[in-house]
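Colleague: I am new to this structure. Please take me through the ligand shell and then one helix pair, and say how each label is earned.

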Amino acid sequence: MKLSKYLLPTLREVPAEAEITSHQLMLRAALMRKLASGVYSFLPMGLKTLRKVEAIIREEMNNEDAIELLMSALLPAESYMASGRWDVFGSEMFRLKDRSNRDFCLGPTHEEIFTETVKNTVKSYKQLPMTIYQIQTKYRDERRPRFGVMRSREFIMKDAYSFDKDQAGLDASYEKMYRAYKKAFDRMGLDYIVVDADSGAMGGSGSQEFMVKSDIGEDTIAYCEKCGYSANSEKAACIPEKGSDEPMRDIEKLHTPNVGTIDELVSSLNTSAKNFAKTLIYRADDKFVAVMVRGDRDVNETKLTNYLGAIEVELAAASDVMEITKANVGFAGPIGLEVEVIADNEIMEMHNFVVGANETDYHFINVNVGRDFTPDHVGDFRTVCEGDVCHKCGGKISICQGIEVGHIFKLGTKYTEALDCTFLDEDGKPQVPIMGCYGIGVNRCVAAIIEQHSDEKGIIWPMSVAPFEVIVVVPNMKDEAQKNGGEMIYNELKKLGIDVLYDDRNERAGVKFNDADLIGIPVRITVGKKFGEGIVEFKERKSDEILEMSIEDAINKAKEIVERER
Ligand code: 9G3
C-alpha cells in the first residue's frame, strides 16, 4: 500500500478527552474516530488490526471444533421475554419498534438466540456436544462509556455457546474453550492472568475471566504469589482477621456529636477503625437489610447480591436510613434494629467494639456479639484487601488492576429450560442440554494490546496483529535514485507476500519517522543517503538499534522476521 494514496490522518496532539494510552494512540495513529459517546468508526488501519485479532480468535475456536455462524443484531423481544430478561435488563438494552410497532432490541448478548437455534436444529444426543459461535457487533447502552473502546456502547464480541448432554460434557467443552482462549491471547501478545469470577446474573456453576494486568483496568484482582490463587475482587474469598481476646467490658452510650467520618469518630474515641463496626443500610430489590463489616473494610456488594439472590442492591437513601435507624446516616448500628442484620465473619472476631447507637450523635462502645446483639446472618461479605491472608495457602494476598478481555461461564440449563430446548437421549427420552457461554471483547483486545505494547513515541505492534508488517520509508522523495530504490524494495517485499506500507509522501523526514514510530509497524527499512553505496537502514520498532546493510540483506531479514513472528 502506498501511503500517498492511503487514508491515515495521524494526529500530532493528544485529544483532550483521551485519558489512557490506548485511547490516545488509537486516535493519534488514525485507527479510529469517535462518532458519539461510546460509538466509534474504524479507519482503515484500525479495521486491519480488528480483522487480524478476529482471525486469530477464529483459528483457535475452529481448532477446538467450534462452529461459526452469524446471528442478527436486530432481535425480536419475544426471545428475551421467554427467558425473562426483557424486563431485567433495563436502560442498558437498546430497544426499538419496527413499522408495525413490534418490539425489537439491538443484541447485547445472544444466549436466547443461540438456544433457540439449537432448539430448532438439534434433536438427538448424537449431535452433541456442539459449540457454536459468532464474531458480531453487540450493543449496550452503558451508563458511562469511557476509555475509548474499553467501555463502548457498540463493540465486536466473539460469543460462543456450548451445548452438552451432561455436566461431564460441559466440563470438557469448557476446557476446550479455556485452551482456545489461552492460545488466542498468547498469539496476540497479551500478558494475562485467568481469575475466578462472579457469574452475576448469568447464574450457573462458576466462571473465569481472562485479565490483562494494567493500572487502568476497571477490574480489581486479588492474587496469591505463593499458591497462584487469583480471583476478581468481586468474588475473592476473605478470611477473618483474628481479634484480640480480652474480657468483656460494660457497654456504654457516648455522645459523639460532629463526627462525620469514621476517622473523626475513632480519633475522638481514641481507638482505631479496626475496633469500629460500621453498619450500612442497603436496599435489596424491595427490602432493606443492615450489613456490618469492620471499620477498615468495605462491603462487597456482589457477594451481598448473590447471597440475597437479589437483582439490584444499593445503599439506602438517607430518608430510608432515618426511617429505619431513627438517626442520620453515620449513626446506624445493630442494636434495636427492625431489619435483618447481616454480619461479615470478622464481626464475630471483635470484642468491646464501637457501633452506631441508632440515635443521631450517639455511639455505643464496648459492644459484644451475643450479649448486645445477634446477627441474623454471618458470612463472607467484605471485599478482599492487600495483605489479607490467602484462604487457600495462608500466603499473602496482593491486589492489582486488570482489563477483562475474556469471560467464560459454566451456565447450566437456565436458558435451555426457559426456552424449552430439548434433545432425545439414547433411550429416546427428551433431555435439556447443559450450556456454557464464552465471550471475548475484540475491540478491547486491540486496546489492551496497545496498553501493553507501546512507548512514548507510539504503538509497538506485535507482528501477529500489526496492520502492516514492514514500512519502507524514503525521507527524500526528490532524490530519484532513493525514490526508485524505495519503490523497488516495496515491490520485492510485496512479491514475497509481505504486507508492506510504502511511505512515498512528500513530507519532511521528521514527519515520516515520527509517523512510522506512532503507527508502530514492526519493521522499518529506510532508503536514504547511503543508497548510492547499496546500503539501507534496518530497524525493528521494538528495538532502538539501527542496522545498516545491503538491500538484499534487508529484504531477507525482513522476510525472516515477518515469517517468524506473524
Ligand atoms: C443484556 C444487557 C447487558 C448485558 C447482558 C444482557 C452482560 C448480559 C452478561 C453476558 C454473559 C455472556 C455471552 C458471551 C460471554 C458473556 N451485559 N451480560 O448477559 F441484555 Cl443490556 O453477556 N454472554
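Modeller: The shell around the ligand divides into nine nonpolar, two polar and five charged residues. This is a predicted model, in which local features need pLDDT of at least 70, side-chain atom pairs count only at pLDDT 80 or more, and totals for chains, interfaces and linings use all residues. Residues are numbered from 1 along each chain as its sequence is written, and side-chain values use heavy atoms, with hydrogens and water left out.

Colleague: What makes a residue one of those that surround the ligand?

Modeller: One of its heavy atoms must lie within 4 Å of the ligand. In this model 16 residues surround the ligand, and Arg85, Pro108, Thr109, Glu111 and Arg140 are the closest.

Colleague: Why is the pair formed by Thr109 and the ligand called a polar contact?

Modeller: A polar contact is a pair of N or O atoms within 3.5 Å. A polar side-chain atom of Thr109 is 2.8 Å from a nitrogen atom of the ligand, so the pair qualifies.

Colleague: How do you know that the ligand is buried by the protein?

Modeller: Alone, the ligand exposes 510 Å², and the protein buries 90% of that; the areas come from the Shrake-Rupley method with a 1.4 Å probe.

Colleague: What makes Met488 of H12 part of the contact with H14?

Modeller: Contact means heavy atoms within 4.5 Å. H12 (residues 480-495) and H14 (residues 551-565) have axes that come within 11 Å and cross at roughly 35°. Met488, Ile489, Glu492 and Leu493 of H12 make the contact with Ile551, Ile555 and Ala558 of H14.

Note on methods
Axes are lines fitted to C-alpha atoms, for helices over the stretch in contact, and angles run from 0 to 180 degrees between N-to-C directions. Helices (H or I, at least four residues) and strands (E, at least two) are DSSP runs, numbered from the N terminus. A polar contact is a pair of N or O atoms within 3.5 Å; within protein, one must be able to donate a hydrogen and the other to accept it, and residues adjacent in sequence count only if both atoms are side-chain atoms. Ala, Val, Leu, Ile, Met, Phe, Trp, Tyr, Cys and Pro count as nonpolar, Asp, Glu, Lys and Arg as charged, and the others, Gly among them, as polar.
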